Structure formats: structure tokens, C-alpha cells
Amino acid sequence: MRSITKLSLVVAALVLTGTALQAQTNNASITATASVQTPINVVGAQQLNFGNVFPGVNKTIAATDLANAGRFDVTGQASTPVTLSFTLPATLSSGGNTMPIVSYTGVHALLVTQAGGVAFSPVAGATPTLSGTGALFVWVGAQVQPATNQVAGVYTGSIVMTVVY
Amino acid sequence: MKRESWVLIAVMLLGVPLSLAAQGKPLTVTGVRGVTFGAVLPGVPRVVLRTDPANSGQFDIRGPKGGPVLLSFVLPLRMTGPAGALMPIVFGASDAGFSSTQSIGSQVGFDPRQPTTVIFPSNGNVSVFVGATANPGTNQRAGAYTGTIILTVTYL
């Protein structure tokens, strides 16, 4: 066999070997898919307003008081349960003076009119379900207890509501 | 070099593919089913187990009868959604499963993040199942998200 023929044979063998080895690997792919739903949005829509308070006279705002109860408006994925939790102040402040705020009450409803509303304790939280349009309204009431020598002034505190799916 | 030596070299080289081919069917990998998380709520992780018959991913492999095979994945770190929004996807140490009977109920778990060697059964047909966890942020943009999982199979 001539050298050139021998060389061709070896090269051909190498090529065939390489081709065969390449064919020993194969792959395929699949797809991971997810459909992310509407994020939750919470708006502090109305302040809890006690108005004028007199020293030594407790004042209560009911959660059903549409004019003065605090209100949060929630939007999110329609017909989906959520968990409500609250950070509630124990006192309101005016400069260095404080005034106790106690006895929190709550109502959640699917309509802003509070029709069909459900009472709950903000201290314990609640697990309502968003409406078919993804809405929920939450009202908060409480009682302030000014001392007989309560210093006059404007007292404020922050109520924080957290909503998660 | 003598003629016999050249012939021997050629036979040896040609013998390699012949011996591999003799192991059985050609190697084929097929993506049968994707990993389906379905509806995912912002801030709420969604887990799909590899044993989930409806939502786990599945690859079917036809290959060597009784041969060792290397399985290696290319896994996404994130899924891509609307306007380029990204959502993390995590694969755990036992989120892949190998079934020599192609049954989702009879798997041996393995780590899809590491190349893994398995032995094919005598019929050369196996399945690989995949699970994962989607981790949407609390403000995750709503919409459809996708990611690609690639399985590469290599004869050893």
C-alpha cells in the first residue's frame, strides 16, 4: 500500500471516529412557565379622626363610622385570599405629651359602602378574600383616653396595615 | 511502517464507532413536558415537585442498553416576563429525578445543578423529571414568565 493511501485510510478512520463520538451526545429543552398575578396595592384612604377631645372624657370612633373611621383601600388579584396584619400605636403624641389609644376595632368589606362588612379585631388581624374585581376596603376604629390634665394640642399616631397573599 | 501495522491502526480506529453503535439504539432526548408553576402570587414562592405528575418537567431518553450516561443540565437563574421583568427560579439538591422505568412514581432523586452519571436499563429507555421553585417578589410585575431548561445526555 502506498504511503498516501495509508495516510488517507488513517484520516478517514479518524474522521469517522470523531463523527461517531460526536453523535454520542444529545440534548433537548423544556420550558418553565409561570403566570404572576396582580401585586397587592394598599392606600391609606382616610385618617382615623377623633376630632375634638376633652380632658377626662374618653372618645370612641367605631369602625362602622364611615365619616371618621380610618380606611385602607386594597387592590390585588381578584377573588384571592389575603392576610391583614396591623401595627397599632398604644399612644398618640403631641410633642412630648402622649394620650392612650385603645380598643381597636375593624371592619372589612368588598364595597366602599361597607355593605356586607365583617367585623374583626385589628390586634388579631384577618384573612378576607378580595372581591371579584380585586378590591377590599378596611376600616379601623379605636378609643382615646385623655387624662383629666391632658395637655391641649394636636395628637397623632400611625396605624400601619400590612397585606400579603 | 508495515502494511499490517497500518491495517491494525485502521481497524482499531474504525472499531471505536462500531463498538459504540453496538451498544444499542441511537441516543435521543425529548422534552416531553415543561415545568408549570401556573398562577403565582407576588411574594409567595411556588414549589413544583419532581413527583408532581401534572406540573413537573419531563424528558424522555432512548439510549444505550445498560450503559453509563452523563446527565447535565443548563438551568435558568431567572424567568423572563413582560417588558423584561425577571423572576428568580431555584433548583434544589433533589429537584431532578431519574426513572429507569419511565414512571414518575419510581424516581431516584439527584441534584440537577451537578452533572450526574446514571446507568441505563436493559431496554435503554428512561425518563428524567424536574421540579423547581419560583420566587416572585412582593412587587413582581404581573404577567407570563418563561425560562428554558436544557438537558444534555452524553454516552460515557
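**Notes on a two-chain predicted model**

1. Let's start with chain B as a whole. Of its 156 residues, 33% count as buried. Keep in mind while reading that this is a predicted model.

2. How far should you trust it? Chain B has a mean pLDDT of 88, and 84% of its residues come in at 70 or more. There is a weak patch, though: residues 6–23 of chain B have a pLDDT below 50, and this stretch still makes 24 contacts in the model beyond near neighbours in sequence. I'd read those contacts with that low score in mind. For the complex, the predictor reports an ipTM of 0.84 and a pTM of 0.71.

3. Now the layout of chain B. There is 1 helix, along with 13 strands. Walk along the sequence and you meet the helix, then the strands one after another: α-β-β-β-β-β-β-β-β-β-β-β-β-β. Look at the contacts in chain B with a separation of 6 or more, and 76% of them link residues 24 or more positions apart.

4. Next, the inside. As a rule, nonpolar side chains in soluble globular proteins tend to be buried together. Here the largest nonpolar core has 35 residues, and the members touching the most others are A:Ala34, B:Val35, B:Val128, B:Ala132 and B:Ala134. Notice that this list has names from chain A and from chain B. Besides that one, there is a second, separate core of 23 residues, with A:Ile40, A:Ala63, A:Trp139 and A:Tyr155 among them.

5. B:Ala134 is worth clicking on. Leaving out residues up to four places away in sequence, B:Ala134 touches A:Ala34 from the other chain. Within chain B, its contacts are B:Phe37, B:Val40, B:Pro45, B:Arg46, B:Met79, B:Met87 and B:Ile89.

6. Which strands of chain A pair with S9(A)? One of them is S3 (residues 59–61), joined to S9(A) by 3 bridges and running antiparallel; in this pairing A:Lys59 has A:Val144 as its bridge partner. Another is S4 (residues 70–75), also antiparallel, with 6 bridges; there, A:Val74 is matched with A:Leu136. Then comes S7 (residues 97–109), antiparallel again, with 7 bridges, and A:Val107 sits opposite A:Trp139.

7. Is S9(A) mostly covered or mostly open? Mostly covered: of the 10 residues in this strand (135–144), 8 are buried. A:Trp139, the partner of A:Val107 in S9(A), turns up in the second core too.

8. For contrast, try A:Asn49, in the loop between strand S2 (41–46) and S3 of chain A. Why does A:Asn49 count as exposed? It has 11 other C-beta atoms within 10 Å, and the cut-off for exposed is 12 or fewer. Its C-alpha atom is 9.8 Å from that of A:Ala142, although the two are 93 residues apart along the chain.

9. Last stop: B:Thr148, in strand S13 (residues 143–155) of chain B. B:Thr148 is classed as partly exposed because it has 15 C-beta neighbours inside 10 Å, and that falls in between the limits for exposed (12 or fewer) and buried (20 or more). Setting aside neighbours within four places in sequence, B:Thr148 contacts A:Ser29 and A:Thr31 in chain A, plus B:Pro76 in chain B. B:Thr148 and B:Val74 are 74 residues apart along the chain, yet their C-alpha atoms are separated by 8.3 Å.

Note on methods: Residues are numbered from 1 along each chain as its sequence is written. Chains are lettered from A and ligands numbered from 1 in the order in which they are written. This is a predicted model: local features need pLDDT of at least 70, side-chain atom pairs count only at pLDDT 80 or more; totals for chains, interfaces and linings use all residues. A nonpolar core is a set of buried Ala, Val, Leu, Ile, Met, Phe, Trp, Tyr and Cys residues joined through C-beta atoms within 7 Å. Two residues are in contact if their C-beta atoms, placed from the backbone, lie within 7 Å. Helices (H or I, at least four residues) and strands (E, at least two) are DSSP runs, numbered from the N terminus. Two strands pair if DSSP finds at least two bridges between them. pLDDT is the predictor's confidence in each residue, from 0 to 100.
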